[in-house]
Amino acid sequence: MIFTSSVLRPTLARSVRLNRLLSTLTIIEHTGGVLAPSNLNTLSAAKQLGGPITALVAGSQASKVASEVAKFDGVEKVLVANNEAYDRGLAENFSDLVAENITKGGFSHVLVSGSAFGKNVLPRVSATLDVQPINDITKIESEDTFVRPIYAGNVLATVKSTDPIKLITIRSSAFEVGSTGAGAAAIEDAADPKSAPTSEWISENLTKSERPDLGSATKVVSGGRGLKDKENFDKLIFPLADSIGAAVGASRAAVDSGFADNSLQVGQTGKVVAPDLYIAVGISGAIQHLAGMKDSKTIVAINKDSEAPIFQVADFGLVDDLFDAVPKLTEQFKK
Amino acid sequence: MSLRILVPVKRVIDAAVKPRVNKTNTGVETQGVKFSINPFCEIALEEAVKLKEGNKGLVESIHAVSIGPTKAQDILRIALAKGADTSTLVDIGKAEAPEPLAVAKLLQKVVEKENSNIILLGKQAIDNDSNQTGQILAGLLKWPQATNAAKVVVEGDKVTVTREVDGGEETISSKLPIVITTDLRLNEPRYASLPNIMKAKKKPLTAVKPADLGVDITNRLQTVSVNYPPTRKAGVVVGSTEELVEKLKANGSL
């Protein structure tokens, strides 16, 4: 009995302590009131942690977004900063807002999607709080231990944070999509430090597309150097993608050569995707490209070079001239 | 206002090398492995040199700094050969590589010492893939930040940066001083010529220790283990597009 209690007691004490202390703040990403799909992946990561979840929404459309976020399954409270100063997600004042709400709310964990926005803002928060942030996690082992890919995804590091506050960005493709509709969270005003912005937003040039969002699409068709020019890229890759309702991606070589827009780059320094189906056309499969797609469920490679490294990760490989194979495949997909 | 540019550069395992996990699963094998300057740092350095070359009198100085083992002086020499004027090595000896938070704190001290007013650094190191140092440094200094820069224009004390963001680009503008992190498409880094490599040997390289700067570089994250990701099972080569469609239908992909 003595043995049993000595083992049990610390365990119980620990779980009680965790329940009291663990509380998570998730930073909601939206553009002009339209929620980014990745918020739901971040939410499911937050739910894995187990503590109460608070969501922070900021911007001139914050109230509208907050009422949607309040329905997210698992969110207990939504903090709203209705202030147009946060509309463009500028890191300087946004990070002040986040830091202020972490301090006020006493959160132990802060999660945000590892998007361009999350990666821009969250590390700056860590300067205020003096903690080392943890980037792009793919797995939660426990409340302080996380797995993250390093070296272009060739290595997985399991790290244990000794900081009192865990500032974390989430690799969306590694977490399932959380559900909406069941929740009824309380909506409250956030602490708003109203810091003056130190930079000014001038303009944006976003690629307009009717196709699914690359980061969250279930199917992706990507083109590489093998397409030779932009005309071929447009003529072959887009119809192939459209025939199965896929998003379009590109290798760095294709982007650098001007075949496709920068925002379509899949890889270590571009987007990381993990769709059900990834079709790589004319892509050799450099380490840096594989980093962005090798967790896809099924990978198809179409390349005339049978030695291309892409075939080492492909479930189905077709060694053929893409200029013959892609139009055929497009026709057959349409049927 | 003339620019005193600071360019932090990192020594990393060469981008073309596939890293190997060590036998004890505590880190990545570094013995006998080729090291290079981090590609994003090269782009940052190139941008500093281009600002200097393209605008007469705009750039007062370019100072390169690296935080790493004694061998990191090799990449500082490359930076000097490519156009940096002076350099600092923060020699960590055999200590574990410091995390972005500690690196940012060390850089903050160098910024103060060099009186820098613009910091150009890579958006991420290709070894730890953190993408944090520039943002943390900007936060510590309370300077504006422009990350993932695809274009940088300096006019007087105004800096306009076009950033690569999800879905496209955005342009922001700030006043000096500023921290800028560079994306891949900002420029095409030059090679160092042999005469410049020779000249670089005479350029100043000051070595300091983290303790000299009063910064504790103890890591906040303990590495529990380092492993390879699960390998994918071998795929099959199909003979025709028809067979491919069949297989995709059979496994539920279509």
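# Reading loops, helices and interfaces in a two-chain model

User: Where in chain B is B:P177 found?

Analyst: B:P177 is in the loop that joins strands β9 (168-175) and β10 (178-182) of chain B. Please keep in mind throughout that this is a predicted model.

User: What is the geometry of the peptide bond from B:L176 to B:P177?

Analyst: That bond is read from its omega angle. From B:L176 to B:P177 the peptide bond is cis, and omega is near -5°.

User: Which value does phi take at B:D129, and where does that residue lie?

Analyst: For B:D129, a residue other than glycine, phi is positive, near 50°. The residue belongs to the loop between β6 (118-122) and α4 (133-141) of chain B.

User: Is B:D129 buried or exposed?

Analyst: The cut-off for buried is under 20% relative accessible area. B:D129 has 10% relative accessibility and therefore counts as buried.

User: What does the same reading give for A:Y151?

Analyst: A:Y151 also has a positive phi, near 50°, in a residue other than glycine. Its place is the loop between β9 (145-150) and β10 of chain A. With a relative accessible area of 16%, A:Y151 is buried.

User: What should I examine in helix α5 (residues 116-129) of chain A?

Analyst: One may begin with its cover. In this helix 13 of the 14 residues are buried, so the helix is mostly covered. The residue that follows α5(A) is A:D130, with a positive phi near 55°. A:D130 also takes part in a salt bridge with B:R220, where the closest N and O atoms are 3.1 Å apart.

User: How many salt bridges cross the interface of chain A and chain B, and how much area is buried there?

Analyst: The rule finds five salt bridges across this interface. Chain A and chain B bury about 6400 Å² between them, and carbon and sulfur atoms give 53% of that area. On the side of chain A, the residues that lose the most area to chain B are A:Q132, A:Y151 and A:F316, which together make up 11% of what that side buries. As for contacts, 77 residues of chain A meet 73 residues of chain B.

User: Which residues does A:T158 touch?

Analyst: Residues up to four places away in sequence are not counted. Within chain A, the residues that A:T158 touches are A:E141, A:T145, A:F146 and A:V147; in chain B they are B:Q222, B:T223, B:V224 and B:S225. A:T158 lies in strand β10 (residues 155-161) of chain A and is buried, at a relative accessible area of 10%.

User: How does A:K139 read by the same steps?

Analyst: A:K139 is part of strand β8 (residues 139-140) of chain A. Its relative accessibility is 43%, which lies between the cut-offs of 20% and 50%, so A:K139 counts as partly exposed. Apart from residues up to four places away in sequence, A:K139 touches A:F146, A:V147 and A:F175.

User: How is chain A divided into domains, and what lies between them?

Analyst: Domain 1 of chain A covers 24-189 and domain 2 covers 219-334. Their centres, taken over C-alpha atoms, are 31 Å apart. Six residues of domain 1 are in contact with seven of domain 2. The two domains bury about 520 Å² between them, with 53% of it on carbon and sulfur atoms. In domain 1, A:A152, A:R171 and A:S173 lose the most area to domain 2, together 75% of what that side buries. The count of salt bridges between these two domains is zero.

User: What describes chain B as a whole?

Analyst: Chain B has six helices and 13 strands. Its C-alpha trace spans about 65 × 45 × 40 Å along the principal axes. Of its 254 residues, 56% count as buried. Among its contacts with a separation of 6 or more, 70% join residues 24 or more positions apart. Chain B exposes about 11300 Å², of which carbon and sulfur atoms supply 52%.

User: Which residues form the nonpolar surface patch that includes B:I197?

Analyst: An α-helix has 3.6 residues a turn, so residues three or four places apart point the same way. Here B:L194, B:I197 and B:M198 form a nonpolar patch on the surface, with about 290 Å² of accessible area together. B:I197 is in helix α5 (residues 194-200) of chain B, and at 36% relative accessibility it counts as partly exposed.

Technical notes: Residues are numbered from 1 along each chain as its sequence is written. Chains are lettered from A and ligands numbered from 1 in the order in which they are written. This is a predicted model: local features need pLDDT of at least 70, side-chain atom pairs count only at pLDDT 80 or more; totals for chains, interfaces and linings use all residues. Side-chain values use heavy atoms; hydrogens and water are left out. Patches are made of residues with over 30% relative accessible area and no salt bridge: like charges are joined within 9 Å, nonpolar side chains (Val, Leu, Ile, Met, Phe, Trp, Tyr) within 5 Å. Accessible areas come from the Shrake-Rupley method with a 1.4 Å probe; for residues, only the protein chains shown count as cover. A salt bridge is a side-chain nitrogen of Lys or Arg within 4 Å of a carboxyl oxygen of Asp or Glu. Helices (H or I, at least four residues) and strands (E, at least two) are DSSP runs, numbered from the N terminus. Buried means under 20% relative accessible area, exposed over 50%, partly exposed in between (1.4 Å probe, protein chains only). Domain bounds come from an automatic or database domain assignment. Contact means heavy atoms within 4.5 Å. Buried area is the accessible area (1.4 Å probe) that two parts lose on being put together, summed over both.
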